[in-house]
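This briefing walks through one protein model by topic, for a reader who is new to structures. Please keep the sequence and the 3D view open while reading.

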Amino acid sequence: MSSVLVVGGGITGLQAAASLARAGVAVIMTEREDRLGGNLKSLGATFGGGTPAPELIEQRAQAIASSSRVTVLTGTEIISLGGAYPRFKASLKNPEGTHEVECRSIILATGFTPFNPAAMKHYAFGKHPDVITAVELADKLKGDRLLRNSNGEQPGALVFIQCIGSRELRTHTYCSAFCCMYAVHLALQVKERIPRCRVEVLYMDIRTPFCAELEYETARRTGIGFIRSKPAAVRPRRENGGLTVQYEDTLDGALRFMETDMVVLSVGAEPPRDAASMAESLGIATEESGFFACEPAPVFTRAKGVFVAGAAGGPKDIRACLAEGTAAAAQAAIICKE
Ligand SMILES: Cc1cc2nc3c(=O)[nH]c(=O)nc-3n(C[C@H](O)[C@H](O)[C@H](O)COP(=O)(O)OP(=O)(O)OC[C@H]3O[C@@H](n4cnc5c(N)ncnc54)[C@H](O)[C@@H]3O)c2cc1C
Ligand code: SF4
């Protein structure tokens with residue numbers, strides 16, 4: 001019994017499982033959804049000129065499919081987790097039945113859930129079909145054409161509202177780290193598809209570290225507008241089916257109104273619904289944010305043999321997820337050889 005249980009089949013879990021298989025370690029990977037890939041399933045091109053999401057998933061899914069060491073269980077929920085190093089136990093349930101699994105190490109790669117803005121009625125989300133989340137926009141941009149939900153026409157203007165579900169007291173106080181970078185990237189894709197479309201980004205701060213700053217500079221040169229502001233409301237316009245965004249310009253304090261055809265809410269990240277109960281079962285801690293705590297970061301936890309990788313430990317971009325997936329796999333492989 002020297003296998004590793006990888007919980008979560010997003011890019012982090014896939015990277016960890018593929019690395020373990022290469023190191024000759026047996027892996028059981030559980031994914032609650034029917035398809036592997038996690039949040040990358042909604043994405044096409046990725047920011048910073050990274051490899052497109054479908055390729056990132058496919059390369060790793062193929063590597064694990066061709067390995068006799070990896071068992072992949074999709075559509076599988078974890079009923080219970082327990083035990084301690086060197087013998088962890090998990091009870092799993094899927095349409096085929098219940099499975100009891102024993103393993104020497106566990107990698108938690110459970111990622112994040114995009115913030116659901118359903119309660120944000122003041123932004124007309126759920127009230128007007130052209131107010132959508134960035135996840136929906138990314139999904140639309142995978143296709144050939146970007147069309148409004150309301151009338152099937154191309155938008156002439158599109159406004160991003162940043163920090164949705166992040167950096168505020170009513171939702172989450174932390175910064176979700178990747179939404180400035182993806183907004184810049186998606187805004188550029190909108191401009192590429194529809195050059196005449198006016199694109200504006202309403203932001204508190206733009207956080208585009210390292211090479212993402214170059215994409216931000218390109219976006220500004222391309223004519224995408226960045227307005228430091230506090231958006232207050234989005235209201236449907238009766239006369240033409242469009243939208244009006246009301247915001248405070250935080251540079252001069254003026255209250256302004258902007259007309260647009262579409263509004264995109266740049267949603268942040270939340271911990272998965274069962275993070276707290278999984279942490280309790282395994283004797284590890286969670287952060288105030290609800291994501292798993294790494295002690296010490298990255299990947300280690302206070303329980304020997306249990307590792308946390310990727311967005312399960314808080315919002316991260318793909319590069320960091322790949323690095324942590326590999327690091328957690330290396331640590332689990334060491335544990336299996338002890
Ligand atoms: C709109 C948008 C655009 C983005 N664009 C980019 C980009 O261009 N470049 C970039 O670097 N990053 C981007 N990101 C961030 C990127 O999505 C994350 O870095 C990445 O998805 C994290 O991968 P992960 O595997 O750690 O988590 P996830 O993708 O969240 O995968 C976790 C997986 O674990 C599964 N899971 C959870 N709990 C359980 C459980 N109990 N049992 C079994 N399975 C479970 C989930 O179903 C999921 O499949 C973007 C994010 C968003 C929202
Ligand atoms: S990354 Fe940008 S949009 Fe996302 S929470 Fe942080 S500042 Fe706001």
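**Overview and peptide geometry**

Proline 298 is found in the loop between helix H6 (275-282) and E17, and the peptide bond that leads into this proline from alanine 297 is cis, with omega near -10°. The model is a predicted one, and the protein in it has seven helices and 17 strands. The radius of gyration is 21 Å, close to the 20 Å that the globule rule gives for 338 residues, so the protein is as compact as a globular protein of that length. Taken along the principal axes, the C-alpha atoms fill a box of roughly 65 × 40 × 40 Å.

**Other backbone features**

- A cis peptide bond also joins tyrosine 85 and proline 86, where omega is about 10°, and proline 86 lies in the loop between E4 and E5.
- Cysteine 163, which is found in strand E10, has a positive phi of about 60° although it is not a glycine.

**The two domains**

- The protein is divided into domain 1, made of residues 3-112 + 271-336, and domain 2, made of residues 115-268.
- The C-alpha centres of domain 1 and domain 2 lie 32 Å apart, and the contact between these domains takes ten residues from domain 1 and 18 residues from domain 2.
- On the side of domain 1 that touches domain 2, the residues fall by class into four nonpolar, four polar and two charged.

**The parallel sheet**

- Strands of a sheet pair through backbone hydrogen bonds, either parallel or antiparallel.
- Five strands form an open sheet with parallel pairing, and their order across the sheet is E3-E2-E1-E7-E17.
- Strand E3 (70-73) and strand E17 (306-308) stand at the edges of this sheet, each with a single partner strand, so one side of each is left without a neighbour in the sheet.
- Neighbouring strands of the parallel sheet are turned by 15° against each other on average, with direction ignored.
- Strand E1 (residues 3-7) and strand E7 (residues 105-108) run parallel and are joined by four bridges; within this pairing, the bridge partner of leucine 5 is isoleucine 106 in E7.
- Helix H1 lies across E1, strand E2 (26-30), E3 and E7, and H1 runs at about 165° to E2.

**The antiparallel sheet**

- Three strands, in the order E4-E5-E6, form an open sheet in which the pairing is antiparallel.
- The edge strands here are strand E4 (77-84) and strand E6 (97-103), each of which pairs on one side only, while the twist averages 15° from one strand to the next.
- E4 pairs with strand E5 (residues 87-94) in the antiparallel sense over seven bridges, and a hairpin joins E4 to E5 through two residues.
- Along the pairing of E4 with E5, serine 80 stands opposite serine 91 in E5, and glycine 82 has lysine 89 in E5 as its bridge partner.
- E5 and E6 likewise pair in the antiparallel sense over seven bridges, and they form a hairpin with two residues between them.
- Serine 91 also has a bridge partner in E6, namely glutamate 100.

**Surroundings of ligand 1**

- How many residues surround ligand 1, and which are the closest? There are 39 of them, and the closest are Gly8, Gly10, Gly38, Gly111 and Gly310.
- Helix H1 (11-22), helix H3 (134-141), helix H4 (179-193) and helix H7 (318-337) each supply at least two residues of the shell around ligand 1.
- Sorted by class, the shell around ligand 1 divides into 19 nonpolar, 14 polar and six charged residues.
- Where does ligand 1 lie with respect to domain 1 and domain 2? Both domains give residues to the shell around ligand 1, so ligand 1 lies between them.

**Surroundings of ligand 2**

- Of the 14 residues around ligand 2, those that come nearest are Cys163, Ser166, Cys175, Cys179 and Cys180.
- Strand E10 (157-164) and H4 are the elements that give two or more residues to the shell around ligand 2.
- The shell around ligand 2 divides by class into six nonpolar, five polar and three charged residues.

Notes:
Residues are numbered from 1 along each chain as its sequence is written. Chains are lettered from A and ligands numbered from 1 in the order in which they are written. This is a predicted model: local features need pLDDT of at least 70, side-chain atom pairs count only at pLDDT 80 or more; totals for chains, interfaces and linings use all residues. Two strands pair if DSSP finds at least two bridges between them. Axes are lines fitted to C-alpha atoms, for helices over the stretch in contact, and angles run from 0 to 180 degrees between N-to-C directions. A residue is near a molecule or strand if its C-beta atom, placed from the backbone, lies within 6 Å of it. Ala, Val, Leu, Ile, Met, Phe, Trp, Tyr, Cys and Pro count as nonpolar, Asp, Glu, Lys and Arg as charged, and the others, Gly among them, as polar. Domain bounds come from an automatic or database domain assignment. Two residues are in contact if their C-beta atoms, placed from the backbone, lie within 7 Å. The radius of gyration is taken over C-alpha atoms; the globule rule is 2.2 Å times the number of residues to the power 0.38.
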